Amino acid sequence: MKMIVAYVRPEAFEPIREDLLAAGFPSLTIDEVKGSGRQRGVTERYRGSQLTINLRPKLKIECVVETDQVSLVTETILRHARTGDVGDGKIFVLPVEQAIRVRTGESGQEVLQSHESEEVPA
Ligand SMILES: Nc1ncnc2c1ncn2[C@@H]1O[C@H](COP(=O)(O)OP(=O)(O)OP(=O)(O)O)[C@@H](O)[C@H]1O
Ligand SMILES: [Mg+2]
């Protein structure tokens with residue numbers, strides 16, 4: 001099992017979400033975060049004065065999937081998050097030791113995403 005952690009432009013999230021749902025990955029967590037990459041900051045004019053904005057808004061996506069599904073998810077993220085400009089974001093893939101569904105106590109990779117048509121509202 002792996003956790004995909006992606007930092008993307010906020011506007012890239014809706015199309016990513018749509019394609020992940022269609023591909024059978026409904027389970028994820030997002031957070032609105034701020035970050036910086038190797039450019040460290042961008043100088044912009046704000047109310048007449050130059051200022052360096054060191055942290056830019058990004059959307060963080062966390063999605064835990066079976067190891068052999070990682071590339072499907074990362075390719076979906078790349079497809080929508082890449083504009084070709086600096087600041088498009090980054091994707092990390094982390095090992096996951098265990099997954100447990102709290103309601104039932106079931107564990108293992110079966111609990112990660114929806115494998116049947118269990119159409120229950122989140
Ligand atoms: N090494 C890192 N660790 C944690 N977060 C990171 C790391 N690199 C990038 N991020 C996150 O990803 C966001 C976007 O990074 P960004 O796309 O600017 O990376 P970059 O390496 O500067 O590439 P580029 O040159 O394309 O801008 C950052 O604002 C930060 O939130
Ligand atoms: Mg950058």
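Q: What makes the space taken by ligand 1 count as a pocket, the second largest one?
A: In this predicted model, ligand 1 takes up the second largest pocket. A molecule sits in a pocket if more than half of its atoms lie within 2 Å of the pocket's grid points, and a pocket is an open set of such points.

Q: How big is the second largest pocket, and which residues lie nearest its centre?
A: Its volume is about 600 Å³. The lining has 26 residues, with Ser36, Gly37, Gln39, Lys58 and Gly87 nearest the centre. Strands E2 (29–35), E5 (56–65) and E6 each give two or more residues to that lining.

Q: How do you know that an oxygen atom of ligand 1 makes a polar contact with glycine 89?
A: Check the distance: a backbone N or O atom of glycine 89 is 2.7 Å from an oxygen atom of ligand 1. The cut-off is 3.5 Å for a pair of N or O atoms, so this pair counts.

Q: What about glycine 35 and serine 36?
A: A polar backbone atom of glycine 35 is 3.2 Å from a ligand 1 oxygen, and for serine 36 the value is 3.1 Å. Both are within 3.5 Å, so they pass too. As for cover, ligand 1 on its own has 610 Å² of accessible area, and the protein covers 74% of that.

Q: Which strand gives the most to the shell around ligand 1?
A: That's strand E6 (residues 89–95), with three residues. In total, 13 residues surround ligand 1, and Gly35, Arg38, Gln39, Gly87 and Gly89 are the closest.

Q: Why are six residues of the shell called polar?
A: The shell has three nonpolar, six polar and four charged residues. Polar here takes in whatever isn't on the nonpolar or charged lists, so Gly counts as polar.

Note on methods. Residues numbered from 1 in each chain as written. Chains lettered and ligands numbered in written order. Predicted model: local features only at pLDDT ≥ 70, side-chain atom pairs only at ≥ 80, totals over all residues. Heavy atoms only, no water. Near = heavy atom within 4 Å. Polar contact = N/O pair within 3.5 Å; in protein donor to acceptor, adjacent residues only side chain to side chain. Areas by Shrake-Rupley, 256 points an atom, 1.4 Å probe, with all protein chains shown as cover. 1 Å grid on protein atoms, 1.4 Å probe; cavity = no way out; pocket = protein on both sides within 12 Å on 5 of 7 lines; lining within 4 Å. Helix = DSSP H or I, 4+ residues; strand = E, 2+ residues; numbered from the N terminus. Points joined across faces, edges and corners; volume = space filled by probe spheres on them.
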